[in-house]
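Open the model in your viewer and switch to a cartoon view. The tour goes from one selection to the next.

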Amino acid sequence: MKLLSSVQCFGGLQNQYEHASETLNCTMQFSVYLPPQAQAGHKVPVAYWLSGLTCTDQNFATKAGAQRVASELGIAVVMPDTSPRGKDVPDDADKSYDFGLGAGFYVDATEAPWSTHYKMYSYIVEELPALIESALPVSQLKSVFGHSMGGHGALTIALNNPDRYVCVSAFSPIVSPIQCPWGQKALGLYLGDNQAAWQRHDTVALIRSGASQLPMLVDQGLADNFLVNQLKTELLEAALQETGYKAEVRYQAGYDHSYYFIATFIEDHLHFHAKYLK
């Protein structure tokens, strides 16, 4: 694990690292905010942030404004990249933004040529936390949250691993990739035509199949231009009502899909995570 940069921020450190990932078969970069409590020798809990389409580990670090609140709460925030990277990593032939580089969708690809590198599910769930916990002053207490494609990743990863995460939250998540164009393209190419394999990567399907109860918060902007065709938050609400699964789903009037939305409500989400991480 090589430290690429380190800057002081609200008494803590905003760091960027790279490492050779065995899971993804390439060199990966990720960012970490370590609050001042970690510098004082305390092992702090960790919130894992999963970003959306086209993002890297830097978008959240520079735009969300999370460091001040994370510093006050004593929570580390880990910001992975959104896909494998490197000259040998395949990309979408059409260079479209919704598949390939920057669009790993937090699944383990089973189809060639993607299966050699695109194992983002195992990277986020297993390899990266093991690396973080062995090298940095953090505890094994962790939560997960994310935005858009990363909101999908956060929700599905948490629901598939309720023993690993104490809570989950999401901004503008893709709640049912099985039922939207982004998800149908990505899951079809990464996982193949057998839609039974898609079910464990679909929040609505997981809740309907009896997922364990976890504390869950979802924020969705009503001015989001992806809401109707891609995000379809109403499908999540219907699944919650049908099953009795408890989650707080909030619609925010006037807010779109951007980091202005995330920055507005990031303090709420970090306080939500702190209730369970502390």
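Select residues 259-277, helix α10, in this predicted model. The helix has a kink of about 50 degrees. Where is the kink centred? Look at F265.

Now show the α10 side chains. Which of them are buried? The list is Y259, F261, I262, F265, I266, H269, L270, F272, H273, A274 and L277. F265, the centre of the kink, is thus one of the buried residues. Keep the helical repeat in mind as you read the list: an α-helix has 3.6 residues a turn, so residues three or four places apart point the same way.

Step back to S258, at the start of α10. One of its side-chain oxygens comes to within 3.2 Å of the backbone nitrogen of Y260.

Next, select the strands. Nine of them form an open sheet with mixed pairing. Trace the order: β1-β2-β3-β5-β4-β6-β7-β8-β9. Why does the sheet end at β1 (2-9) and β9 (248-252)? Each of these edge strands has a single partner, so one side of each is left without a neighbour in the sheet. From one strand to the next, the twist averages 20 degrees.

Zoom in on β6 (residues 138-147) and β7 (residues 168-171). They pair in the parallel sense, over four bridges. Pick H147: its bridge partner in β7 is F171.

Now add helix α9, residues 233-243. It lies across β8 (216-221) and β9, and runs at about 150 degrees to β9.

Finish by bringing back α10, which packs on the sheet. It touches β4 (44-50), β6, β7, β8 and β9. The direction of α10 makes about 175 degrees with that of β7.

Note on methods: Residues are numbered from 1 along each chain as its sequence is written. This is a predicted model: local features need pLDDT of at least 70, side-chain atom pairs count only at pLDDT 80 or more; totals for chains, interfaces and linings use all residues. Side-chain values use heavy atoms; hydrogens and water are left out. The bend at a residue is the angle between axes fitted to the seven residues ending there and the seven starting there. Helices (H or I, at least four residues) and strands (E, at least two) are DSSP runs, numbered from the N terminus. Buried means under 20% relative accessible area, exposed over 50%, partly exposed in between (1.4 Å probe, protein chains only). A polar contact is a pair of N or O atoms within 3.5 Å; within protein, one must be able to donate a hydrogen and the other to accept it, and residues adjacent in sequence count only if both atoms are side-chain atoms. Two strands pair if DSSP finds at least two bridges between them. Axes are lines fitted to C-alpha atoms, for helices over the stretch in contact, and angles run from 0 to 180 degrees between N-to-C directions. Contact means heavy atoms within 4.5 Å.
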